[in-house]
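Welcome! Please open your viewer, switch on a cartoon view, and keep the selection tool at hand.

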Amino acid sequence: MSQQANNPLHGIKLETLLTELVEILGWEELGSRIDIRCFTHDPSIKSSLKFLRKQQWARDKVEALYLDHKGIKVRNKPVSAKPRPAVKLTAQKTAAKGPGLTSGVNAHIWGK
């Protein structure tokens, strides 16, 4: 029980949290504050819960809005972002481009 002592969301179900936000803000305002398709296109509690349970980044935004609405300040709460795939640079992309380069990316556009 001491693990959740500083968690202001402890004991609040996601469904309760979302329902309260919808009652207060409405779907249109909720969709404008958090641009998620399940809030803007044919919104429902059921579809939104399904999405929020699968996407932690979206759930973090909804929880942050709820806490902000309630006036609860949370210190050092990490906001997880969507992980971006690592980009590997190939020799073709890193090669120096000069007047002698006759092939490469977009060569068909530049006539080289």
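This tour goes through a helix and then some charged pairs. Bear in mind along the way that the model is predicted.

**Stop 1: helix α1**

Start by selecting residues 14–33, which make up helix α1. How many Å does α1 span between its end C-alpha atoms? The span is only 18 Å, whereas a straight helix of 20 residues would span 28 Å. To see where the helix turns aside, select glycine 26: a kink of about 100 degrees in α1 is centred there.

**Stop 2: the buried residues of α1**

Next, show side chains on this helix. Which residues of α1 are buried? They are Leu14, Leu17, Leu18, Glu20, Leu21, Val22, Leu30 and Gly31. Now colour what lies over them: the cover includes α2 (37–40), α3 (45–54) and α4 (56–70).

**Stop 3: from α1 to α4**

Time to look at charges. Side chains of opposite charge can pair when their charged atoms come close. How many salt bridges does a search of the whole structure find? The search finds three, and you can visit each in turn.

Select glutamate 20 and lysine 70, which form a salt bridge with their closest N and O atoms 2.6 Å apart. Glutamate 20 belongs to helix α1 and lysine 70 to helix α4, so this pair ties together parts that are 50 residues apart in sequence. You have already met Glu20 among the buried residues of α1. Lysine 70, by contrast, is partly exposed, at a relative accessible area of 41%.

**Stop 4: a pair within α1**

Move along to arginine 33 and glutamate 29, another salt bridge, where the closest N and O atoms are 2.7 Å apart. These two are four residues apart in helix α1, a separation of about one helical turn. An α-helix has 3.6 residues a turn, so residues three or four places apart point the same way. Try a surface view here: arginine 33 is partly exposed, with a relative accessible area of 47%, and glutamate 29 is partly exposed as well, at 32%.

**Stop 5: a pair within α4**

Finish with arginine 59 and glutamate 63, whose side chains meet in a salt bridge at 3.0 Å, N to O. Both lie in helix α4, four residues apart, or about one turn of the helix. Is glutamate 63 buried or exposed? Glutamate 63 counts as buried, at 11% relative accessibility, while arginine 59 counts as partly exposed, at 25%.

Technical notes: Residues numbered from 1 in each chain as written. Predicted model: local features only at pLDDT ≥ 70, side-chain atom pairs only at ≥ 80, totals over all residues. Heavy atoms only, no water. Expected span 1.5 Å × (residues − 1). Bend = angle between axes of the 7 residues up to and from the residue. Buried < 20%, exposed > 50% of the residue type's maximum accessible area, 1.4 Å probe, protein only. Contact = heavy atoms within 4.5 Å. Salt bridge = Lys/Arg side-chain N within 4 Å of Asp/Glu carboxyl O.
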